[in-house]
Amino acid sequence: MKKVCIVGASGKLGQYMVQHCLNRGYEVTGVCRERSVGKLEHYIGQITLLPGDTNHRAVIQKAVAGCDGVLTVLVPWGRHHYSTGTAQAVLDYARPGARLIFSCGWHITRDGQDVYPASLKRDEILAHWIGRLTRLIDLDDQVEACRRIFASNTRWTVVRGSDLEEGESQGLPVWSRHVGDPILASNITRRVDYALFMVAALENDELIHEAPAIVGCQTPSALAHQDQSSRIRQET
Ligand SMILES: NC(=O)c1ccc[n+]([C@@H]2O[C@H](COP(=O)([O-])OP(=O)(O)OC[C@H]3O[C@@H](n4cnc5c(N)ncnc54)[C@H](OP(=O)(O)O)[C@@H]3O)[C@@H](O)[C@H]2O)c1
């Protein structure tokens, strides 16, 4: 992995990903909205920045050219198919064989086998209706974007984030295939570590065609699972 594009580089998740990529010595191209260029001024000289909406096909085509990996922040803003436009442009223009990593939340399901806590389902229904009434967000469009990614024959990974919090890194989050698996019960991840997982996925081929749901590695549910697996190892 040498050259990486970050689509949505100016957001909180995007900026953490920029830093993790630079730490690994990758050459970084970032895409962000024109009005947000200033948020990345501390990276001037360290990254190439292409201003533009992330669903702008010509901008994405230019940004992903020659990249070995593309990290995409998929956001359901507005009612003009922002998520699908962004995902489709990345799928269409990334070079064949490039690693494509997309962000979303636990609400996305790949195979319908996720078991959601009642509180999460309630929040999702609320966000759905608020989005419809205010026309500010479109969760259905993020669902459709992920459906297209899952159906594509690119080397994709869709990273499904739990609730997020700020704070210092605790290390690489743990993951499971389905929301509802006990290891994920704590439902919290440091945002900096969500970014770390996205960037680490670029070089983890085991995650190709997976939609890992993640949780912080120091959370009670992750630690309990670790204790349980080491107990099983000792008993065998
Ligand atoms: N927040 C959570 O609790 C949570 C939980 C699980 C998963 N996730 C996932 O994590 C990812 C990042 O989420 P985040 O909450 O951490 O936010 P974030 O990193 O701050 O990213 C927000 C992104 O949305 C862009 N944006 C904001 N307003 C916009 C608008 N009106 N039109 C177009 N783009 C707009 C921002 O660009 P600018 O810099 O240009 O504003 C930025 O790239 C998403 O994929 C989300 O589904 C979030």
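With 236 residues, the chain would be expected to have a radius of gyration near 18 Å if it were a compact globule, and the 18 Å of the chain agrees with this; the radius is taken over C-alpha atoms, and the globule rule is 2.2 Å times the number of residues to the power 0.38. This is a predicted model, in which local features need pLDDT of at least 70 and side-chain atom pairs count only at pLDDT 80 or more, while totals for chains, interfaces and linings use all residues. Residues are numbered from 1 along each chain as its sequence is written.

**Overall fold**
- The C-alpha trace of the chain spans about 55 × 45 × 35 Å along its principal axes.
- The chain holds 7 helices and 10 strands, taken as DSSP runs numbered from the N terminus (helices: H or I, at least four residues; strands: E, at least two).

**Nonpolar core**
- The largest nonpolar core has 64 residues, of which I6, M17, V70, V90, F102 and M198 touch the most other members; such a core is a set of buried Ala, Val, Leu, Ile, Met, Phe, Trp, Tyr and Cys residues joined through C-beta atoms within 7 Å, where buried requires 20 or more other C-beta atoms within 10 Å of the residue's own, with C-beta atoms placed from the backbone.
- Helix α6 (residues 191-201) gives the most to this core, with 8 residues.

**Ligand shell**
- Of the 23 residues around the ligand, S10, G11, L13, S36 and G161 come nearest, a residue being near if its C-beta atom, placed from the backbone, lies within 6 Å.
- The elements giving two or more residues to this shell are α1 (12-23) and β5 (99-105).

Technical notes
Buried ≥ 20, exposed ≤ 12 C-beta atoms within 10 Å, placed from the backbone.
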